[in-house]
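Student: Please show me how to read the packing of helices and strands in a model.
Tutor: Look at the structure, then ask about one feature at a time.

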Amino acid sequence: MMPGKPTQRDRHDPPAEYAERMSGPVPDYLHRVERQTYLKTVAPQMITGSLQGRMLALLATLQHPVRVLELGTFTGYGTLCLAEGLATGGTIDTVEGNPEMAWLAERHFADSPFADSINLHVGQISDWLPKLTGPFDLIYVDADKQSYPYYFGILVDRLRPGGLLLADNVLWDGKVGSKGPDPDAAALREYNRLVLEDPRLEVVVLPIRDGLSVARKSLV
Ligand SMILES: C[S@@+](CC[C@H](N)C(=O)[O-])C[C@H]1O[C@@H](n2cnc3c(N)ncnc32)[C@H](O)[C@@H]1O
């Protein structure tokens, strides 16, 4: 996402704001992550944020994963939401290409109860993916949008049967529905098609924030 790009979350949206206020509780350390992200980064709107964060935490709690993979850590908000649902001894591998964001995320993890459960890998996702072979119980994709179809081809095989594949921004400000020239929208449209047409997956696209795709891999 380009810095400064207005998102669903930046707009005045009373139902979404009400839904956010009525969802919780949000742990104190996440309020601190959000505040630090708005104080210290140039594109704070990239943060997962509280409504979607509560959704991630709830999905993770229901899934109770032992191994989680996140692509795109940013300042660690989503990572910490997913960590709430980890099974005892479970771990999260998360990949961030911007060292300054990784530095912030490390501090946010240290300020949470989950520092020992999170492995932060700094570098390009394409360099780390060969080393993160899984299998994973839950995967959250929240990185460069044009690579989503490529990530899908790799990640679906690394998801264990019954595992969840989550992807953020799949509505791309409503642009996925029209066949315009936006290359990010085109890639996200292709990602949504791949997920829907894969016989191993069942999927629902939730229209919260910029669109959250929730897909489950079948058990057989
Ligand atoms: C939308 S933000 C992630 C938000 C985060 N998941 C959260 O919960 O707040 C996307 C992040 O992915 C990182 N990123 C994008 N493409 C990447 C790539 N190819 N390799 C590594 N990191 C990447 C960016 O630096 C950015 O911090």
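Student: How are α7 and α8 oriented to each other, roughly parallel or roughly antiparallel?
Tutor: Two packed helices are described by the angle between their axes and the distance between the axes. Axes are lines fitted to C-alpha atoms, for helices over the stretch in contact, and angles run from 0 to 180 degrees between N-to-C directions. Under 35 degrees counts as roughly parallel, over 145 as roughly antiparallel, 65 to 115 as roughly perpendicular, and the rest as oblique. Here the axes of helix α7 (residues 148-158) and helix α8 (residues 183-197) cross at roughly 25 degrees and come within 8 Å. Therefore α7 and α8 are roughly parallel to each other. Helices (H or I, at least four residues) and strands (E, at least two) are DSSP runs, numbered from the N terminus.

Student: Where do the numbers come from?
Tutor: Residues are numbered from 1 along each chain as its sequence is written. The model is predicted: local features need pLDDT of at least 70, side-chain atom pairs count only at pLDDT 80 or more, and totals for chains, interfaces and linings use all residues.

Student: Which residues make the contact of α7 with α8?
Tutor: Residues are in contact if their C-beta atoms, placed from the backbone, lie within 7 Å. From α7 come Y148, P149 and F152, and from α8 come A187, L188, E190, Y191, L194 and V195.

Student: What is the order of the strands in the sheet?
Tutor: Strands pair if DSSP finds at least two bridges between them. This open sheet has seven strands in the order β3-β2-β1-β4-β5-β7-β6, with mixed pairing. Its edge strands, β3 and β6 (201-206), each pair on one side only.

Student: What does mixed pairing look like in this sheet?
Tutor: Compare two pairs. β2 and strand β3 (residues 118-122) pair in the parallel sense over five bridges, and V95 has H121 of β3 as its bridge partner. β6 and strand β7 (residues 212-217) run antiparallel and are joined by six bridges; there, V205 has S213 of β7 as its partner.

Student: Where do α7 and α8 lie on the sheet?
Tutor: α7 packs on the sheet and touches β1 (67-71), β4 (136-141) and β5 (159-168), its direction making about 160 degrees with that of β5. α8 lies across β5, β6 and β7, at about 140 degrees to β6.

Conventions: Two residues are in contact if their C-beta atoms, placed from the backbone, lie within 7 Å.
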